[in-house]
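Trainee: Got a minute to go through this one with me? I'd like to ask things as they come up.
Mentor: Sure, pull it up and fire away.

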Amino acid sequence: MEAEIAGNQLGQFYGPVDKRDKGTPDSWVSRHPELIRLTGRHPFNCEPTPKLLEEAASRFQGLTPSSLHYVRNHGPVPKLSWDTHKLEIGGMVKNPIELSMAELQKLPTCSIPVTLNCAGNRRKEQNMIKKSKGFSWGPCAVSTAVWSGVLLSDLLKLCGPLEGAQWVNFEGSDELPQGKYGTSLDINYAMSNVNDVLIAFGMNGELLSPDHGFPIRVLIPGFIGGRMVKWLKKIEVSSKESDSYYHYRDNRVLPPPVVDSVTAEEWWTKPEYIINDRNINSAILYPRHDQSFPIDPDKSINFKGYAYNGSGQKIIRVELSLDGGNSWKMANFKYGSPKGPRHGTKYWCWFLWTIKIPIKEIASSSEVCLRAWDCCQNTQPSQPTWNYLGMMNNPWYRVKFHQRDGEIVMEHPTDMLTGKGWMVRDYQERNKPKEEAVKSSLKSFTAAEVAKHNKEDDCWVIISGKVYDLSKFIKVHPGGKKAILIVAGQDATEDFEAIHGDGPKASKEKYCIGVVSGKANL
């Protein structure tokens, strides 16, 4: 297996098992310690910092080391073996087959640089308007790597799809509260070599890591990451779409009037709201949040970032405005791949851009706005459109400027390292806490007392200084018992806040039994 840049040149780093993973089902998985964790201790969902993402892209010709690549996991990482794992391909085919990893690796392979992104990239900005159902991703749920494997079209041709087949359904090995993770791809799309759909076992010249789907995963260039099933176990050719809960209840942009699970019910199966191709998007990675520069009229600041698109469409302009969109400056940009586009027309990777802006112009402005255009003249909207799942957020990326002590200070909309940002500040101002009177009337417990209640039939947790008895709720928790047991008897604020929207936050109050006296953290 070969890649354009060997994995050991990509600065791979996997340290010892992180202490945050001890006591979770992922206690055997090594991870980079600097990744930003977005869902508490478990499941593992992370993105690199803007600094790590931008510097890696500059150093490695647009690529992201596997250890810094963003990760989206819905549950525990399956502990699979290369020697025993098998891929089943069946359903509406003439010749069903079962392949070991060794057999798969002997088939004709290829290596393709591809940018992946989560459909929730930049979701925290939407959550600062109004909480969505999804947890808060910053602007770095996007990464680029060289993926190696066998084209799905070649595998399907080996099996021979029967007349009437319309879908290729994928199923993973992960055990989740709502069953196996699965999704579907139109068979005509899957059968086209030009679409480069891979059954991948390699990443940046090495075998996949556990978090990225070892030993095998689906890779669909230009699509959102949610369609790329990891730990792939089964491919089924069918006349019907996958019946997986995760195929129907995730990765959809529902209309803004859909505001909760009740109103969403009739919308899940409407095909027009499913997300496949990603939309056009961009972000500023440098200067970083809270970075400051002396107000020197003779100097400039070199802004840097990314832009990407779906469907293989080319980005043709990246623009920044210092006057709210009345005028625009064109940035310099290049295709972020060691090679050019696939098949001459398919741009599967992001574009990396840069522009020098004089400090004297920045000092006379209050913000900079960023947008990108593609070859079909699609661009980003000036304002976000909120949706229930918080998906596909792609408005102009805005960084505010503040002057302080003779310096220009940058303020991004959200910053995942500090939890701050101008959108965070606006949100906090609108939602100042009004619970102090309620807290004062509740019974008080010490953290040590809460810690004693750490079993399934006697389960207490601390959330935002309050104590909750979840002994009955744990049996019906939609995320399963394990998600709560991991934090039983502990401060679960970070885990809870990262995942839950406003609905669960309100309904949890019926389980509240008191408040914590002193420090909540153990």
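Trainee: Which domains is the chain divided into?
Mentor: This is a predicted model, and its chain is divided into domain 1, residues 281-411, and domain 2, residues 442-516.

Trainee: And what separates their centres?
Mentor: Taken over C-alpha atoms, the centres of domain 1 and domain 2 are 41 Å apart.

Trainee: Changing topic: how many disulfides are there?
Mentor: The count comes to zero. Take Cys-140, which is in no disulfide: the nearest cysteine sulfur belongs to Cys-46 and is 11 Å away. Cys-140 is also buried, at 0% relative accessibility.

Trainee: Why is there no bond for Cys-459?
Mentor: Because the closest cysteine sulfur, in Cys-512, is 14 Å from the sulfur of Cys-459, and that is too far for a bond. Cys-459 counts as buried too, with 0% relative accessibility.

Trainee: Let's do salt bridges. How many does a search of the whole structure find?
Mentor: It finds 22 salt bridges. One of them pairs Glu-509 with Lys-466, with the closest N and O atoms 3.0 Å apart. That pair links distant parts of the chain, 43 residues apart. Glu-509 sits in the loop between helix 14 (502-507) and strand 28 (512-516), while Lys-466 is in strand 27 (residues 466-469).

Trainee: Are those two buried or exposed?
Mentor: Lys-466 is buried, with a relative accessible area of 5%. Glu-509 is partly exposed, at 28% relative accessibility.

Trainee: What about Glu-175, what does it form a salt bridge with?
Mentor: With Lys-180, and the closest N and O atoms are 2.7 Å apart. Here Glu-175 counts as exposed at 58% relative accessibility, and Lys-180 as partly exposed at 24%.

Trainee: Which residues are linked in a network of salt bridges?
Mentor: Asp-18, Arg-20, Asp-21, Asp-26, Arg-31, Arg-37 and Asp-211 are linked that way. Within that group, Asp-18 forms a salt bridge with Arg-20, and their closest N and O atoms are 2.8 Å apart. Asp-18 is buried, with a relative accessible area of 11%, whereas Arg-20 is partly exposed at 31%.

Trainee: Okay, sheets. What is the order of the open sheet of three strands?
Mentor: The order is 1-2-3, and the pairing is antiparallel. Strand 1 (36-37) and strand 3 (71-72) are the edge strands, each pairing on one side only.

Trainee: How many bridges are there between strand 1 and strand 2?
Mentor: Two bridges, in the antiparallel sense, with strand 2 covering residues 45-47. If you want a landmark, Ile-36 has Glu-47 in strand 2 as its bridge partner.

Trainee: Which residues does a cis peptide bond join in that area?
Mentor: His-42 and Pro-43, with omega about 0 degrees. Pro-43 is in the loop between strand 1 and strand 2. Another cis peptide bond joins Phe-214 and Pro-215, where omega is about 5 degrees. Pro-215 lies in the loop between strand 11 (206-207) and strand 12 (217-219).

Trainee: And strand 4, how does it pair with strand 5?
Mentor: In the antiparallel sense over four bridges, between residues 86-91 of strand 4 and residues 97-100 of strand 5. A hairpin of five residues joins strand 4 to strand 5. Look for Glu-88, which stands opposite Glu-98 in strand 5.

Trainee: Now helix 4. Which residues are buried there?
Mentor: Leu-152, Ser-153, Leu-155, Leu-156 and Cys-159 are buried in helix 4, which runs over residues 152-159. They cover an arc of only 160 degrees around the axis, so they lie on the same side of helix 4.

Trainee: What follows helix 4?
Mentor: Gly-160, with a positive phi near 75 degrees.

Trainee: Where does a residue other than glycine have a positive phi?
Mentor: Asp-196 is one, with phi near 55 degrees. Asp-196 is in the loop between helix 5 (187-190) and strand 10 (198-203), and is buried with a relative accessible area of 0%. Ser-311 is another, with phi near 65 degrees. You'll find Ser-311 in the loop between strand 16 (300-308) and strand 17 (315-321), partly exposed at 28%.

Trainee: Why flag those at all?
Mentor: Because most residues other than glycine have a negative phi.

Terms used
Residues are numbered from 1 along each chain as its sequence is written. This is a predicted model: local features need pLDDT of at least 70, side-chain atom pairs count only at pLDDT 80 or more; totals for chains, interfaces and linings use all residues. Side-chain values use heavy atoms; hydrogens and water are left out. A disulfide is a pair of cysteine sulfur atoms within 2.5 Å. Buried means under 20% relative accessible area, exposed over 50%, partly exposed in between (1.4 Å probe, protein chains only). Domain bounds come from an automatic or database domain assignment. The arc is that of the directions from the helix axis to the C-beta atoms. Two strands pair if DSSP finds at least two bridges between them. A salt bridge is a side-chain nitrogen of Lys or Arg within 4 Å of a carboxyl oxygen of Asp or Glu.
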